[in-house]
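Morning, everyone. Please have the sequence and the viewer open, and follow along as I go.

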Amino acid sequence: MSEYKASFGAAGSTSNPELFAGSAAVTTLPVTFLTGAAIARYAVVGRIAASGKFVLSDPAANDGSQYPIGIAVESAASASADAVGNIYISGCFNPAALVWHAGYTTAVLKAKAFDGTPISIKNIG
């Protein structure tokens, strides 16, 4: 597990929304993504209870992955084997910078997504 101090993107940059929305300590954790799961950078991920592997969190799922517990640090995908990568497991993040499953249809769902975790969501601007 690694711990980092959150920082902001380059001043005046408009290409991507800033990821960090505060100065909370950011912690990462190495995880295994399920074979066939195409995980985008900054995707909101949950863990499948039966396998312990991570996929894009779907609020309609019933396998444990409906509960987001992290944010992918980088994209990860493998059609033939599980992929290993890192997720953020703590910090304060801008929801506009995150990649959400289509099931997160409202700001309220997104705001409540990480309840009970050390991740918080805060709009910038």
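In which sense do strand 3 and strand 5 pair, and over how many bridges? Antiparallel, over 3 bridges. One note before I go on: this is a predicted model.

Let's stay with strand 5, residues 68–72. On the strand 3 side, Val 45 stands opposite Gly 70 of strand 5. Now the other partner. Strand 5 is joined to strand 6 by 2 bridges, and these two run antiparallel as well. There, Ala 72 stands opposite Ile 87 in strand 6. So how enclosed is strand 5? Largely, by the rest of the structure, because 4 of its 5 residues are buried. As a general reminder, side chains in a regular strand alternate between the two faces of the sheet.

Next, the salt bridges. How many are there? The count comes to 2.

Take Arg 41 and Glu 74. Their closest N and O atoms are 3.9 Å apart. The cut-off is within 4 Å, so the pair counts. Where do the partners sit? Arg 41 is in the loop between strand 2 (25–33) and strand 3 (44–47). Glu 74 is in the loop between strand 5 and strand 6 (83–93). That links distant parts of the chain, 33 residues apart. Buried or exposed? Neither label fits Arg 41, which is partly exposed at a relative accessible area of 42%. Glu 74 is partly exposed too, at 46%.

Now the other bridge, Lys 53 with Asp 82. Here the closest N and O atoms are 2.5 Å apart. Lys 53 lies in the loop between strand 3 and strand 4 (54–56), and Asp 82 in the loop between strand 5 and strand 6, so this pair ties together parts that are 29 residues apart in sequence. Lys 53 is partly exposed, with a relative accessible area of 23%. Asp 82 is partly exposed as well, at 30%.

One backbone item. Look at Tyr 42. Its phi is positive, about 70°, although Tyr 42 is not a glycine. Where is Tyr 42 placed? In the loop between strand 2 and strand 3. Tyr 42 has a relative accessible area of 17%. Buried means under 20%, so Tyr 42 counts as buried.

Last topic, the aromatics. A ring pair is described by the distance of the centres and the angle of the planes. How many aromatic pairs does the structure hold? It holds 5. I'll show you two of them, starting with Phe 20 and Tyr 88, which form an edge-to-face pair. Centre to centre, that pair is at 5.8 Å, with 85° between the planes. Phe 20 lies in the loop between strand 1 (2–5) and strand 2, and Tyr 88 in strand 6, so the pair ties together parts that are 68 residues apart in sequence. Phe 20 counts as buried, at 13% relative accessibility. Tyr 88 is buried, with a relative accessible area of 10%.

Phe 20 also pairs with Phe 93, and that pair is tilted: 5.5 Å centre to centre, 40° between the planes. Phe 93 is in strand 6 and Phe 20 in the loop between strand 1 and strand 2, so this pair ties together parts that are 73 residues apart in sequence. Phe 20 and Phe 93 are both buried. Put the three together: Phe 20, Tyr 88 and Phe 93 form one aromatic cluster.

That's it from me. Thanks.

Definitions and conventions:
Residues are numbered from 1 along each chain as its sequence is written. This is a predicted model: local features need pLDDT of at least 70, side-chain atom pairs count only at pLDDT 80 or more; totals for chains, interfaces and linings use all residues. Side-chain values use heavy atoms; hydrogens and water are left out. A salt bridge is a side-chain nitrogen of Lys or Arg within 4 Å of a carboxyl oxygen of Asp or Glu. Buried means under 20% relative accessible area, exposed over 50%, partly exposed in between (1.4 Å probe, protein chains only). Two strands pair if DSSP finds at least two bridges between them. Rings of Phe, Tyr and Trp (its six-membered ring) pair if their centres lie within 6.5 Å; planes under 30 degrees apart count as stacked, over 60 as edge-to-face and the rest as tilted.
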